[in-house]
Amino acid sequence: MGDVVQMHFTVADYVIFALLLVASAGIGLFYAFSGGRQRTTQEFLMADRSMSCLPVSLSLLATFQSAVAILGAPSEIYTFGTQYWFLGCSYFLGLLIPAHVFIPVFYRLRLSSAYEYLELRFNKTVRVCGTVTFIFQMVIYMGVVLYAPALALNAVTGFDLWGAVLAMGLVCTLYTALGGLKAVIWTDVFQTVVMFAGQLAVIVVGASQAGGIGQVWSKAINGSRIAGLDLNPDPLERHTFWTLSVGGVFLMLALYGVNQAQVQRYLSSRSEKEAVMSCYVVFPCQQVVLCLGCLMGLVMFARYGEDSPLDKGYVKTNDQMVLYFVMDVFKDLPGLAGLFVACLFSGALSTISSAFNSLATVTMEDLIKPHFPAMAESRATLLSKGLALAYGLVCLAMAYIASLMGSVLQAAFSIFGMVGGPLLGLFCLGMFFPWANSIGAVVGLIAGLAMAFWVGIGSFVMRISSSATPLLNTTMAPAFENSTVMPFLNVTTKPRPTGVEALYSLSYMWYSAHNSTTVVIVGLLVSLLTGPMKESQLTPGTVFPVLGTLLFFLPERYKEKLCCRTSLAPKLRDGSPYRKTVEAPNGSALFKEDSVAELESTGAPPNDKEKRCSLVAVAGLSLQETAL
C-alpha cells in the first residue's frame, strides 16, 4: 500500500471556490439590508411567510443533499452496484404523505416551530422533550457535515483543513445570522445550481474520457455493477428493493414530514397550496440528483474498474475516493476541480445554514418565548440573530470534536439518524391516534430513543469488536439530513445472526421505521393504561382524521368512543395576509384578524356555536374575543 497521493489546486480552482463563498455571503448581506431588514422575528425566522413554490422546493432539496451524500452516493455505487438507486421508489410516498398529511396540519395551525404542535396536541413537557431531542440531533450532525468534506479535501489535495472549516463555518454563520430564512433559502437555490453544475461537469468529462456513456454502461454490466430487482424480504440485508423502497419511506417521512429544517420552509410559503406544490416539485429534482450520483459512480467504475484508488492506497477511505476521481479527471482542465469542490461545499453550506436557522427558531419559539411572552419584537429579533450566531460557533466547536473522533465519525452519523425515527413516531402518535395522551407521548419517546441507541451502539460495538470477521472494507452509506449512516462490511458470507445479534444486524435503512414504530406502540399502551384522551379534550385541528376515514362504516356512537369524529382544521384562505398577532397562554403567536375573517368566510351563523367554537379553538382565540 502506497502513501496517499496528493493533487493540487490551480489558481483558477481557488478563484472559483472563493467565488462560491463570496456569492453566498453576498446574498446574506443583501437580505440583511433590503426589504424589512430582518427587523421582526416573522421576517428573520419565517421569511414573512412570503416565499413562492420554486425557491422553497430547491431549498428543501439542498437541505436534503448534504456534502456527505455527494461524496457517499458515487462511492456506494462504485463499490456495491446500482441497487441503491431503488431508494428513488421511496420518494413517491415519502413526499406524498407530507404534502397531504403533515403540511395541512402544520400550516392550518399557523405554527413557527413544528414542536409547537406537540404542546397543542399534548402539553408543554412533550414540546420541550421534542425540542431538546431535535437540538441534540442537529448539533451533533452540524459539526460532522462541516468537518467531513474538509477532511476529504485535505487528504486528497492538501487544502488546509482548518482553513476550509473556518471559511465555511464563518461564511455560513454570517449570512444566516444577518439575512435570516430568506437568505438561507435563496443561498440554497444558488448552491443547488452549483451542485448540479459540479456533478454534471464530472459526469460529462469523465464519460467522454472513458469513451462515452455507452462504454461506461457496458463496463458496468461486465463488472456486475448494474443490479437487478432484489425482492429478498430479509430486513438484515443491507440493501434490497424492500429495504430501500419501504424502509426509505420512513426515512423520508422523518426528514420531509417532521424535521424542523424542512417544516420551517413549508411554513414560510405564502399559501398552503404553494407549500404542497413545493413537495411535488422536489420529487423530480430528487430523482435527478439520485441519477447523477449513480451515473458518477458508474463513470468512476469505467475509469478504474476493480482496481480502485482505495485498494492501491492512493486514498484512505471510500468517501475520499470521489474527490480523488474528480481531481484525476480534471487534472488537465483548470477550474473544473474548483467547481466540483464548490459543489461539495455548497451541499455542506446549505445543510448547515438550514440547521442554524431551524435551531434558532426552535430555541426562540419553544424555550424562550413561552417564558417571556411580553418580550419586545426588536429584542426578540436581536436574540434570534444572536442564537443563529451562537449555533454557528457551536458548529465550529463540534467540527473540532469531530476531528478528535477518528473512526467514531460514523458513530456520530448513526447517533444523528437514531433520533429522527423516534421524533417521527412522536408526531405520528399525536397526529393519527386521538386517544394518545401526554404520558404515553413522553414514555414512548424515551422508549424509542432507548431502543435506537441500544440497537445503534450495540451494532457499532459488535462490528468493531468482532475479531472473527475483520473489517475488510469499511465504507460509509450516503447520508441525508435524517438518515442513519452505519459502518457496513464487504466480507464473505457468514451464518445468519440470531437473537440480539439479529437486532444489531438490522439494515440501517430500517432504523427510522423500527424506532418510530416503537414510540407509537409504547405510547399507545401507556396511554391506554393511564387513561386515554377523550375527543372533547383534543385541540381541534391537531389530529389528522385518518381513523374516521378508515372506519367510516361504524355507527356514530362507536366512532365517538374511538375518537373517530375529529376533523382537520378548516383551510385558510390562500394568500391571506398575516395581520395583528395575539399571544396565546402558551406563548404561541396567533392571528386574530385572519381567524375572525375565517369565521365569517365559513358563513357559520352566530348560533352555530359548535362550528364556531371549533374554528376559534384552532385559531387560538377565546370566545370573548370573537364576541360569540
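Here are four short exercises, with worked solutions, on the predicted model shown above.

**Exercise 1. Get an overview of the chain**

Find how many helices and strands there are in the chain, and what share of its residues count as buried.

*Solution.* Start with the secondary structure: the chain has 25 helices and two strands. Next, turn to burial: 61% of the 628 residues count as buried. Finally, look at the contacts with a sequence separation of 6 or more: 83% of them join residues 24 or more positions apart.

**Exercise 2. Describe how α5 packs on α13**

Work out how helices α5 and α13 are oriented to each other, and which residues make the contact.

*Solution.* Begin by locating the two helices: α5 covers residues 90-108 and α13 covers residues 272-304. Their axes are 9 Å apart, and the packing angle is about 160°. Angles over 145 degrees count as roughly antiparallel, and α5 and α13 are therefore roughly antiparallel to each other. As for handedness, the crossing of α5 and α13 is right-handed. Now pick out the residues in contact: α5 contributes, among them, Tyr91, Phe92, Leu95 and Tyr107, while those from α13 include Val276, Cys279, Tyr280 and Phe283. Sorting the contact of α5 with α13 by class gives 16 nonpolar, three polar and two charged residues.

**Exercise 3. Compare the settings of two side chains**

For arginine 121 and serine 516, decide whether each is buried or exposed, and find the backbone oxygen that each side chain meets.

*Solution.* Take arginine 121 to begin with; it sits in helix α6, residues 116-121. Its relative accessibility is 1%, so arginine 121 counts as buried. The side chain of arginine 121 reaches the backbone oxygen of phenylalanine 433 at 2.9 Å. Beyond four places in sequence, the contacts of arginine 121 include Phe433, Pro434, Trp435, Met533 and Leu538.

Now move to serine 516, which belongs to helix α21, residues 511-530. With 4% relative accessibility, serine 516 counts as buried. A polar atom of the side chain of serine 516 lies 3.2 Å from the backbone oxygen of alanine 513. Leaving out residues up to four places away in sequence, serine 516 touches Phe250, Gly421, Pro422, Leu424 and Gly425.

**Exercise 4. Judge the surroundings of α11**

Determine how many residues of helix α11 are buried, and name some of them.

*Solution.* Helix α11 runs over residues 247-256. Check each residue against the cut-off, where buried means under 20% relative accessible area. Among the residues that pass are Gly247, Val249, Met252 and Tyr256. The count is nine of 10, so α11 is largely enclosed by the rest of the structure.

Methods
Residues numbered from 1 in each chain as written. Predicted model: local features only at pLDDT ≥ 70, side-chain atom pairs only at ≥ 80, totals over all residues. Heavy atoms only, no water. Axes fitted to C-alpha atoms, helices over the stretch in contact; angles between N-to-C directions. Helix = DSSP H or I, 4+ residues; strand = E, 2+ residues; numbered from the N terminus. Parallel < 35°, antiparallel > 145°, perpendicular 65-115°, else oblique. Left-handed = near helix turned anticlockwise from the far one by under 90°. Contact = heavy atoms within 4.5 Å. Nonpolar A, V, L, I, M, F, W, Y, C, P; charged D, E, K, R; others polar. Buried < 20%, exposed > 50% of the residue type's maximum accessible area, 1.4 Å probe, protein only. Polar contact = N/O pair within 3.5 Å; in protein donor to acceptor, adjacent residues only side chain to side chain.
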